[in-house]
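Biologist: I should like to learn how the features of a structural model are read, one after another. Shall we begin once the model is before us?

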Amino acid sequence: MGRSLWKGAISFGLVHIPVEMYPAVRDNALDLTMLDRRDFSPVGFKRYNKGNNKEVVWDDIVKGYEYSDGEYVVLSEEDLRRANPEATGTIDILAFVDAETVPLLYYEQPYYLAPGKGGDKVYALLRETLRKVGKIGIATVVIRVKQHLAALVCEGDTIVLNTLRYSDEIRPADELKIPTAKSKTAAISDKELKMAMALVEGMSEDWEPEQYHDTYREDILALVEKKVKARQTKTITMPEKEKAPASKGNVIDLVALLQQSLGKTPGKGKAANDEDDGDEDEEAPPPKPRKTASKTTSTKAVAKSAAKTAVKPAAKTKAAPAKAAPARRKAA
């Protein structure tokens, strides 16, 4: 797990739980290096003094707050700690709330909390209490130079601190053109809703996070390997000519799309769809017309072609030029 990034204590009432904080996630984003396209050398960035343009080493860098134009108050790590010693060393639980009352929009970054020295029993007490009451703790904590709102959540035997966004950090959606349930342009029929629900039911499964992975990252790495093998490591791929945008005048047949989706969904989706009333089958879109033989084709030629096909082995028989109309669904 590595070194902890924060040490302090959880505090609620008179209970004091020593804990250490560890990152709960890691960033698997591709680490791309910026290169000079003229000779493909790595591009570096230097910290320099804007007054004399000379490079500054880390040991000579301090932090400051600009209180007026060009004027700064220097703040050391000790200054930041002394401003509020309790806030910088305590996860202070303010209240306990039902987990479902906190929208997912507020959740930001998870951290693992592990008990500090001598804190096993009180740590377990808080964990089991949260489990029994079915609530999460809402707390404040200072990480680096920012005070965060946070939620303490039980995840297995571990207490997870998940930082939350403050309400004023979330932008309102008032200016977005979002259709309401009563909007005429987005009116939904009972049939469309039933078919959509059947599609969701057919695609429902247990949550297994291990089956999901970053396929785009894998594709990029495969492309890198391909370029290396082809000795095209210095080849810059230029963008192709953009295709003309699709016409916006097309009217989407939502029912047809749902029916096609249900046809591709195995198992539950088909069963759920079969439970619909028989009357709805009559509203299915008509199949595309099959291509007919040319009028100039003689009856004799057609018969001759059919005879040739009949004598061929079944394994080599060519498929019909047009698919048959989709079979009607079986009645429930």
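**Reading pockets, pairs and torsions**

Modeller: Helix α5 (residues 215-229) is a suitable place to start, since this element gives the most to the lining of the second largest pocket, with 6 residues. Please keep in mind throughout that the model is predicted.

Biologist: What is the volume of the second largest pocket, and how many residues line that pocket?

Modeller: The volume of the second largest pocket is about 670 Å³. Its lining comprises 18 residues, and those nearest the centre are L32, T33, L35, V224 and T233.

Biologist: How does the lining of the second largest pocket divide by class?

Modeller: There are 10 nonpolar residues in the lining, together with 4 polar and 4 charged ones.

Biologist: Let us turn to aromatic rings. How is a pair of aromatic rings described?

Modeller: Two quantities serve: the distance of the centres and the angle of the planes. In this structure there are 2 aromatic pairs. F12 and F96 make an edge-to-face pair, with 5.9 Å from centre to centre and 85° between the planes. An angle over 60 degrees places a pair in the edge-to-face class.

Biologist: Which strands hold F12 and F96, and how far apart in sequence are the parts that the pair ties together?

Modeller: F12 belongs to strand β1 (residues 6-12) and F96 to strand β7 (residues 90-98), so the pair ties together parts that are 84 residues apart in sequence. F12 counts as partly exposed because its relative accessibility is 22%. F96, at 36% relative accessibility, is likewise partly exposed.

Biologist: What geometry does the pair of W207 and Y212 have?

Modeller: W207 and Y212 are stacked, with centres 5.6 Å apart and planes at 20°. The stacked class requires planes under 30 degrees apart.

Biologist: Are W207 and Y212 buried or exposed?

Modeller: W207 has a relative accessibility of 65% and so counts as exposed. Y212 has a relative accessible area of 47% and is partly exposed. The boundary matters here, because a residue must be over 50% to count as exposed.

Biologist: Next, the charged side chains. How many salt bridges are counted?

Modeller: The count comes to 9 salt bridges. One of them joins D36 and R38, whose closest N and O atoms are 2.7 Å apart. Of these partners, D36 is partly exposed at a relative accessible area of 21%, whereas R38 is exposed at 73%.

Biologist: Which residue is the salt-bridge partner of D98?

Modeller: The partner of D98 is K135, with 2.8 Å between the closest N and O atoms. D98 is in strand β7 and K135 in strand β9 (residues 135-143), so this bridge ties together parts that are 37 residues apart in sequence. Both ends are partly exposed: D98 has a relative accessibility of 29%, and K135 has one of 31%.

Biologist: Where do R131 and E128 lie with respect to each other?

Modeller: Both residues are in helix α3 (residues 120-133), 3 residues apart, which is about one turn of the helix. Their side chains meet in a salt bridge of 2.8 Å from N to O. R131 is partly exposed at 37% relative accessibility, and E128 is partly exposed at 29%. Through shared partners, salt bridges join R127, E128, R131 and D157 into one network.

Biologist: Which side chain makes a polar contact with that of S183?

Modeller: The side chain of T185 does, at 3.0 Å. S183 is located in the loop between β11 (158-164) and α4 (190-202). With a relative accessible area of 18%, S183 is buried, because the limit for that class is under 20%.

Biologist: Finally, the backbone. What sign of phi do most residues other than glycine have?

Modeller: Most of them have a negative phi. N53, however, has a positive phi of about 65° although it is not a glycine. N53 is in the loop between β4 (41-42) and β5 (63-68) and counts as exposed at 59% relative accessibility. R231, also a residue other than glycine, has a positive phi near 55°. R231 occupies the loop between α5 and α6 (254-264), and its relative accessible area of 77% makes R231 exposed.

Notes:
Residues are numbered from 1 along each chain as its sequence is written. This is a predicted model: local features need pLDDT of at least 70, side-chain atom pairs count only at pLDDT 80 or more; totals for chains, interfaces and linings use all residues. Side-chain values use heavy atoms; hydrogens and water are left out. On a 1 Å grid over the protein atoms alone, a cavity is a set of points where a 1.4 Å probe fits but cannot get out, and a pocket is an open set with protein on both sides within 12 Å along at least five of seven lines; lining residues have an atom within 4 Å of a point. Grid points are joined across faces, edges and corners, and a volume is the space filled by probe spheres set on the points. Helices (H or I, at least four residues) and strands (E, at least two) are DSSP runs, numbered from the N terminus. Ala, Val, Leu, Ile, Met, Phe, Trp, Tyr, Cys and Pro count as nonpolar, Asp, Glu, Lys and Arg as charged, and the others, Gly among them, as polar. Rings of Phe, Tyr and Trp (its six-membered ring) pair if their centres lie within 6.5 Å; planes under 30 degrees apart count as stacked, over 60 as edge-to-face and the rest as tilted. Buried means under 20% relative accessible area, exposed over 50%, partly exposed in between (1.4 Å probe, protein chains only). A salt bridge is a side-chain nitrogen of Lys or Arg within 4 Å of a carboxyl oxygen of Asp or Glu. A polar contact is a pair of N or O atoms within 3.5 Å; within protein, one must be able to donate a hydrogen and the other to accept it, and residues adjacent in sequence count only if both atoms are side-chain atoms.
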